[in-house]
Amino acid sequence: MKRQRTITQMREKGKTPEKQLSDEEILSIQEKDFRLLMLKMMQDIGNKLEAKMDTLQETVTKEIQDIKLKQEEMQNTITEIKNSLEAANSRIQEAEEQINEVEDRLVEIMDAEQKREKRLKRNEKSLRELWDNVKRNNIHIIGVPEGEEREKGTEKIVQEIIAENFPHMGKEPLPQIQEVQQVPYKINPRRNTPRHILIKLTKIKDKEKTLKAAREKKQVTYKGTPIRLSADFSAETLQARRECHDILT
Amino acid sequence: MKRQRTITQMREKGKTPEKQLSDEEILSIQEKDFRLLMLKMMQDIGNKLEAKMDTLQETVTKEIQDIKLKQEEMQNTITEIKNSLEAANSRIQEAEEQINEVEDRLVEIMDAEQKREKRLKRNEKSLRELWDNVKRNNIHIIGVPEGEEREKGTEKIVQEIIAENFPHMGKEPLPQIQEVQQVPYKINPRRNTPRHILIKLTKIKDKEKTLKAAREKKQVTYKGTPIRLSADFSAETLQARRECHDILT
Amino acid sequence: MKRQRTITQMREKGKTPEKQLSDEEILSIQEKDFRLLMLKMMQDIGNKLEAKMDTLQETVTKEIQDIKLKQEEMQNTITEIKNSLEAANSRIQEAEEQINEVEDRLVEIMDAEQKREKRLKRNEKSLRELWDNVKRNNIHIIGVPEGEEREKGTEKIVQEIIAENFPHMGKEPLPQIQEVQQVPYKINPRRNTPRHILIKLTKIKDKEKTLKAAREKKQVTYKGTPIRLSADFSAETLQARRECHDILT
């Protein structure tokens, strides 16, 4: 916007042609006409400036109103956000409390588990010991040909094995056999192992003596065929041995 | 606001009555008065418009100041909200990490539980087998009248039962009895069942032979009274049977 | 800002010295000069006020522009915050759902634990009973001097003890001994207790009779030295006794 326009220029935009008078013309007009012209010009200046000011005021008022509306709108959004944030914070706090509770319960559970783990281990040890106790008088005889026991009974076979291999035990009383059984022997369920003869001796000492004698003789036989005598292990001990074997081979 | 009011109208609002001159009056006043009037009118127009402009400026300045204050206030709130939101996000992140940790620990716990469950099952099986092993040489005799054993002892009764029912076992050696006991027999604790006689045989084969002979004879008696012989089951097996029974009846 | 300055004052700020005329001078100047002065003054007032208005407009426009820029900036921040808050709310919701899941799984775990706890207790009871069953025919003999058994064997010692202490049991058949063992007896592993002699009798009745006879005799001896006979308790029973003892002493 040019600020340097003169009243003359302003006059040019006016609608009344009588204003478009040069200085010379104004000097030459009648006193009466000059007076009327002066009044008109003054009126025009006042009106024009006032109109301009009104326009400015109107424009600014509109702008300010718009700004305030926008501001109010933003203020509402901010208030909404504040409320929403407050709600979010409440939820976070509640979640945190729940997490703490959960963590406390986890600790409780893990403590309880640890105690239960100990008991489980103790029970497993106790079970192992019980099995070992139940089986401690047992001897396994492995390698006697199948079918042999059908004819004469396993008890007879065991007596023959003792007579064949441990005649020197004759000085001492023979091991007292409480019971003889034939059992499927599952060291490794994938291998097809023959049935075993399981001897339950009355006394643990007899078992120890017999196994010691077998170890010393190195080669134990039944009718010349090599057979093997071993202690009876609990399933747990066998499991442990199997795992060792799987690692080593 | 009317923009079309004339200087005349403006004059009417003025306080100086000398301005309220009609065009005719102005044309009729003295040259000197006209000159003074012109000066006064010019001064008035300038003052009036300037005053109006100042008021506008003042009003707008005030409005803008208010807006800026409000804006500043909102900006502060926004900054507060941003900080609060940042803090909330940190808490959320921390909570998420805690939840992840908790979930990891849950997985660990559940893995550990699964392993422990397996061990527990294995132990239960082992226990069941142990009980069965411990009880496998046992026979229960149910139905011998109470009081009978006080007179002659349970061992004598058992011998009489064998003689009465299984004379044909005479060809073979009689079953070796290791021990005879009188036991409360709790199949169902709610029923009032009589005490049982529990025989522990030395050999499992003798138990099997005796129970087979009893099954074949169908009716086993003690001095003519029907009695019943049964294997000795572990508590676990009895429990399983009882559950089956409860479902079936 | 003073609003009361007159045209005269305004004139003083003008650059044209001919305006600085007093009323008297204006009254005295030539008609032609007066007319030119009037035109000039009108032009000046218009220019001056218009310039002032333009400045005001410019200033206000600038202010409003600044405010709007700031407002836009804030609006952007608010939008960002809203989005960020929405994202936070999503995360919170997800976290809450995860927490609920975790809590559900905790309940499941605790339920499973409770069931496992029951099974564990049942197994422990079963184990205890099994041990008691396995050991129920056993008698411990405590206090026989060490080394004694090397010469003659523990079995012989036991026979001597029975002969020395329970001759009145002669009416009845002597207790049938199934097996005699020497065992480390660990009531309290911190105390250095001597090895014990463990007798396994064939019949539980023999154990009960022997222990009853020992209690009645009050003082049991081996070659005059006081010894002690006791039942064989399972590790669990001993543990319970030890705890009681620790509390009582």
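**View 1. The annotated segment of chain A.** Over residues 39-130 of chain A the chain is 100% helix and 0% strand, and the C-alpha atoms at its two ends lie 132 Å apart. Helices (H or I, at least four residues) and strands (E, at least two) are DSSP runs, numbered from the N terminus. The UniProt annotation "coiled-coil region", from an unreviewed entry, covers residues 39-130 of chain A; such annotations may be inferred rather than shown by experiment, and their positions are given in the numbering used here. The model is predicted: local features need pLDDT of at least 70 and side-chain atom pairs count only at pLDDT 80 or more, while totals for chains, interfaces and linings use all residues. Residues are numbered from 1 along each chain as its sequence is written, chains are lettered from A in the order in which they are written, and side-chain values use heavy atoms, without hydrogens and water.

**View 2. Chain A laid on chain B.** A turn of 120° and a shift of 0.3 Å along the axis lay chain A on chain B with an RMSD of 0.6 Å. The two copies are therefore related as by a three-fold rotation axis. The superposition is by least squares on the C-alpha atoms of residues with pLDDT of at least 70 in both copies.

**View 3. The interface of chain A and chain B.** Here 57 residues of chain A are in contact with 65 residues of chain B, contact meaning heavy atoms within 4.5 Å. The two chains bury about 5,800 Å² between them, 63% of it on carbon and sulfur atoms. Buried area is the accessible area (1.4 Å probe) that two parts lose on being put together, summed over both. The rule finds ten salt bridges across this interface, each a side-chain nitrogen of Lys or Arg within 4 Å of a carboxyl oxygen of Asp or Glu. One of the salt bridges joins the side chains of Asp54(A) and Lys52(B) (3.0 Å, N to O). On the side of chain A that touches chain B, helix H3 (31-135), helix H5 (154-165) and strand S2 (177-183) of chain A each give two or more residues. H3(A) supplies the largest share, 51 residues.

**View 4. The interface of chain B and chain C.** In this view 56 residues of chain B are in contact with 65 residues of chain C. Arg35(B), Met42(B) and Met53(B) lose the most area to chain C in chain B, together 13% of what that side buries. A salt bridge links the side chains of Arg119(C) and Glu117(B) (2.9 Å, N to O). The largest share of the side of chain B that touches chain C, 50 residues, comes from H3(B).
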